[in-house]
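Below is a walk through one fold, strand by strand and helix by helix. Keep the 3D view open while reading.

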Amino acid sequence: MSKLSGETLRASVRDILEEAKKNKRGFVETIELQIGLKNYDTQKDKRFSGSVKLPNETKPRMKFCVLGDQNHCDQAEKIGIDFKDVEALKKINKNKKIVKKLAKTYDAFLASDAILRQIPRLLGPGLNKAGKFPSLIGPSEPMEEKMQQVRSTVKFQLKKVLCLGVAVGHVKLSEDQLVMNIGVTINFLVSLLKKNWQNVKALYVKSTMGKPHRIY
């Protein structure tokens, strides 16, 4: 966080949390890091993508869907998570409208190894385009742990525009937890950039309903 003032970041996080306390909403507000880039040509320069697991969860209320083999579908049913087996996916038959609706309905997907390999053939590129390509769940991996890992992961994918927004936490986290999450996210982002900090134009943090605070 060499270029970022720890004090500025902490003060902004404190303001956001106080603002959220004052104006209580009927839902848990997400805290987002908004990034403006510069000196980057999305046509010529390599469009970066990457994901990093943060120390604390970013979205507590994510809606999951498991695209699973029999074992994973049974596990999902036990813990009350929506699931689809290979037969249900075959019925979709790459129908773009249905795949788009599926991507809109859920925040994230988990998939068994055997299913993951077949997704391009069964569903086409729709989930990938929506930035929701499923995370692999291993045969003996506990499903709830995997979901917690996904809730704490930030994904960066540069498209055609030079601004990005990612969830880095929510207002139920403490000031320290948020500062830690934001620090890890920014360091990871800077490591993906061609010229590191020289590509960063501005950084803002804001809660869902709050005003943006500039931190860089």
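**A strand with two faces**

Strand S7 shows two sides: Val154 and Phe156 lie on its covered face, while Thr153, Lys155 and Gln157 lie on the uncovered one. The model is predicted. The pattern in S7 fits a general rule. In a regular strand the side chains alternate between the two faces of the sheet.

S7 has a partner. Strand S2, residues 49–53, pairs with S7 in the antiparallel sense, over 5 bridges. Within this pairing, Ser51 stands opposite Lys155 of S7. Lys155 belongs to the uncovered face.

Now turn to the covered face. Phe156 has a relative accessible area of 1%. The cut-off for buried is under 20%, so Phe156 counts as buried. Its ring also takes part in an aromatic pair.

The structure holds 4 aromatic pairs. In one of them, the ring centres of Phe156 and Phe188 are 6.2 Å apart and the planes meet at 25 degrees, so the pair is stacked. The pair links distant parts of the chain. Phe156 sits in S7, residues 153–157, and Phe188 sits in helix H9, with their positions 32 residues apart in sequence. Two quantities describe such a pair in general: the distance of the centres and the angle of the planes.

**The antiparallel sheet and helix H9**

Follow Phe188 into H9. This helix spans residues 175–192 and lies across S1, S8 and strand S9 (200–207). H9 runs at about 150 degrees to S8.

Which order do the strands of this open sheet take? The order is S8-S1-S9-S10, 4 strands with antiparallel pairing. S8 (163–170) and S10 (213–214) stand at the edges. Each has a single partner strand, so one side of each is left without a neighbour in the sheet.

Strand S1 covers residues 30–37, and 7 bridges join S1 to S8 in an antiparallel run. Two residue pairs help to fix the register. Leu33 has Val166 of S8 as its bridge partner. Gly36 stands opposite Cys163 in S8. S1 is also joined to S9 by 7 bridges, again antiparallel. There, Leu37 stands opposite Val200 of S9.

Past S1 comes a loop. Asp41 lies in the loop between S1 and S2. Its relative accessibility is 30%, so Asp41 counts as partly exposed. Asp41 and Val161 are 120 residues apart in sequence, but their C-alpha atoms are 9.4 Å apart in space.

**The parallel sheet**

A second open sheet has 4 strands in the order S4-S3-S5-S6, with parallel pairing. S4 (82–84) and S6 are the edge strands, and each pairs on one side only. S3 and S4 are joined in the parallel sense over 3 bridges. Helix H2 lies across both S3 and S4, and its direction is about 160 degrees from that of S4.

Cys65 stands opposite Asp82 in S4. Is Cys65 buried or exposed? Its relative accessible area is 1%, so Cys65 is buried. What of disulfides? The structure holds 0 disulfides. Cys65 is in none, and the nearest cysteine sulfur, that of Cys73, is 8.7 Å away. A disulfide needs sulfur atoms within 2.5 Å.

**Helix H8 and the loop back to S7**

Which residues of helix H8 are buried? H8 covers residues 143–151, and its buried residues are Met143, Lys146, Met147, Val150 and Arg151. Seen down the axis of H8, they fall within an arc of 145 degrees, so they line one face of the helix. The general geometry helps here. An α-helix has 3.6 residues a turn, so residues three or four places apart point the same way. On the other side of H8, Glu144 and Glu145 are exposed.

The buried residues of H8 pack against several elements: strand S3 (64–67), helix H2 (70–78), strand S5 (108–111), strand S6 (135–136) and S7. That list brings together strands of the parallel sheet and the strand where this tour began.

One residue closes the loop. Ser152 lies between H8 and S7. With a relative accessible area of 4%, Ser152 is buried. Leaving aside residues up to four places away in sequence, Ser152 touches Val52, Lys53, Leu54, Asn56, Glu57 and Thr58.

Methods:
Residues numbered from 1 in each chain as written. Predicted model: local features only at pLDDT ≥ 70, side-chain atom pairs only at ≥ 80, totals over all residues. Heavy atoms only, no water. Pairing = 2+ DSSP bridges. Contact = heavy atoms within 4.5 Å. Axes fitted to C-alpha atoms, helices over the stretch in contact; angles between N-to-C directions. Phe/Tyr/Trp six-rings, centres within 6.5 Å; stacked < 30°, edge-to-face > 60°. Buried < 20%, exposed > 50% of the residue type's maximum accessible area, 1.4 Å probe, protein only. Arc of directions from axis to C-beta.
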